[in-house]
Amino acid sequence: MFQYVLRRGLWAIPTLLGVFTIIFLLTYLMPGDPVRAVMGEQYKRADPATIQRVRDSLGLNDPWLVQYGRFLVKTVSGDLGKSFVLDEQVTGIIGYRFPRTLQLMSAALLVAILIGIPSGILAARFQYTWIDHTLMLVALLGVAMPVFWQAVLAKIFLTQDTYGIALFPVAGYGGGSPLYLVVPALVLGTQLSATIARVMRSSLLEERRKDYSRTARSKGLGEPGVIFRHELRNAMIPVVTIIGLDIGYLLGGSVVTETVFNWPGLGRAVVTAISRRDAPVIIGTLVFGALLFVAVNILVDIFYAVINPQIRYA
């Protein structure tokens with residue numbers, strides 16, 4: 001297992017290098033002057049010589065290859081730079097913001113699993129009935145509806161009593177109160193639950209056609225027993241794959257969700273950094289997201305062996 005993880009980590013290095021390069025180039029080519037973010041209101045009153053000195057101190061006048069090389073060296077050493085605007089280390093910003101994003105992502109993933117897996121099982125169990133058609137129609141609507149539109153609808157119907165029921169706070173963090181987490185988690189988890197439901201249904205129907213499933217039924221084992229004792233473990237492998245791949249969706253969706261609900265996570269930090277042209281924060285958070293995505297997918301591969309002991313890695 002350790003050798004497998006090591007090989008996966010080594011294979012991920014070229015991918016990460018490509019991602020880091022794209023992130024740097026996009027940020028480098030972003031319109032606007034980072035010096036304006038550093039100097040703030042003083043930028044308009046500063047003379048060209050002062051602006052030039054600031055650019056030199058930030059290394060912005062160096063050729064882009066020099067800046068890129070410096071960026072790679074610092075990233076490998078764990079130094080993601082310092083925010084132009086906040087004058088704080090990016091690692092410190094990530095350390096403060098990421099636990100809140102992780103809290104939102106974990107709650108959203110829990111919502112997705114609690115809704116998606118039972119829905120997929122029911123749809124497969126009652127294939128081609130009104131239950132199946134209804135659940136898959138709802139899942140299709142969930143996949144098709146953008147996150148920001150779900151957020152707007154949730155705010156209308158769940159946070160105020162003009163058109164809905166004022167059950168939860170409109171926005172904010174509330175010192176970590178679970179009440180402030182419910183609506184953002186529902187919004188972020190609903191679309192993923194729709195995907196999980198569709199994959200769960202297809203995977204179970206695929207397992208139903210296999211010999212071991214027909215043998216279990218021929219021996220008189222009831223339908224629930226066949227599903228939960230035999231089919232579900234194998235059917236969960238594609239679902240776990242989807243969950244691992246959708247970590248990227250959760251990170252991307254958290255940008256919109258955190259902005260709409262004023263949640264103090266990494267997504268909102270990125271949006272603020274883009275509006276301020278704060279390149280170190282933009283690059284640092286995206287690099288961290290890429291590393292997180294790779295790490296989660298390696299963990300998903302390891303989890304396959306937990307779900308199905310027949311899977312072994314050489």
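Helix H6 (residues 90-125) and helix H7 (residues 130-144) pack against each other at an angle of about 145 degrees, with their axes 8 Å apart. This picture comes from a predicted model. From that helix pair, the tour below moves to two loop residues with a positive phi, Tyr-128 and Asn-262, and then to two pockets.

**Where H6 meets H7**

- The crossing of these two helices, H6 and H7, is left-handed.
- On the H6 side, the contact is made by Ser-119, Leu-122 and Ala-123; on the H7 side, their partners are Asp-132, Leu-135 and Met-136.
- Sorted by class, the contact of H6 with H7 holds four nonpolar residues, one polar and one charged.

**Two loop residues to look at**

- Most residues other than glycine have a negative phi.
- Tyr-128 sits in the loop between H6 and H7, and its phi is near 65 degrees, a positive value in a residue that is not glycine.
- Is Tyr-128 buried or exposed? Tyr-128 has a relative accessible area of 62%, and because the cut-off for exposed is over 50%, Tyr-128 counts as exposed.
- Asn-262 also has a positive phi, near 55 degrees, and is likewise a residue other than glycine.
- You can find Asn-262 in the loop between helix H12 (247-260) and helix H13 (266-276).
- With a relative accessible area of 36%, Asn-262 is partly exposed.

**The largest pocket**

- The largest pocket encloses about 600 Å³ of space.
- It is lined by 25 residues, and those closest to the centre of the largest pocket are Leu-58, Leu-60, Gln-67, Phe-84 and Pro-280.
- Helix H1 (2-28), helix H4 (48-58), helix H5 (64-76) and helix H14 (279-307) are the elements that each give two or more residues to this lining.
- Which element gives the largest share of the lining of the largest pocket? That is H5, with five residues.
- By class, the lining of the largest pocket divides into 11 nonpolar, seven polar and seven charged residues.

**The second largest pocket**

- The second largest pocket has a volume of about 430 Å³.
- Its lining has 22 residues, and Leu-251, Leu-286, Gly-289, Ala-290 and Phe-293 lie nearest the centre of the second largest pocket.
- Two or more residues of this lining come from each of H1, H12, H13 and H14.
- H14 gives the most to the lining of the second largest pocket, with eight residues.
- The lining of the second largest pocket is made up of 13 nonpolar residues, eight polar and one charged.

Notes:
Residues are numbered from 1 along each chain as its sequence is written. This is a predicted model: local features need pLDDT of at least 70, side-chain atom pairs count only at pLDDT 80 or more; totals for chains, interfaces and linings use all residues. Side-chain values use heavy atoms; hydrogens and water are left out. Axes are lines fitted to C-alpha atoms, for helices over the stretch in contact, and angles run from 0 to 180 degrees between N-to-C directions. Helices (H or I, at least four residues) and strands (E, at least two) are DSSP runs, numbered from the N terminus. A crossing is left-handed if the near helix is turned anticlockwise from the far one by less than a right angle, and right-handed if clockwise. Contact means heavy atoms within 4.5 Å. Ala, Val, Leu, Ile, Met, Phe, Trp, Tyr, Cys and Pro count as nonpolar, Asp, Glu, Lys and Arg as charged, and the others, Gly among them, as polar. Buried means under 20% relative accessible area, exposed over 50%, partly exposed in between (1.4 Å probe, protein chains only). On a 1 Å grid over the protein atoms alone, a cavity is a set of points where a 1.4 Å probe fits but cannot get out, and a pocket is an open set with protein on both sides within 12 Å along at least five of seven lines; lining residues have an atom within 4 Å of a point. Grid points are joined across faces, edges and corners, and a volume is the space filled by probe spheres set on the points.
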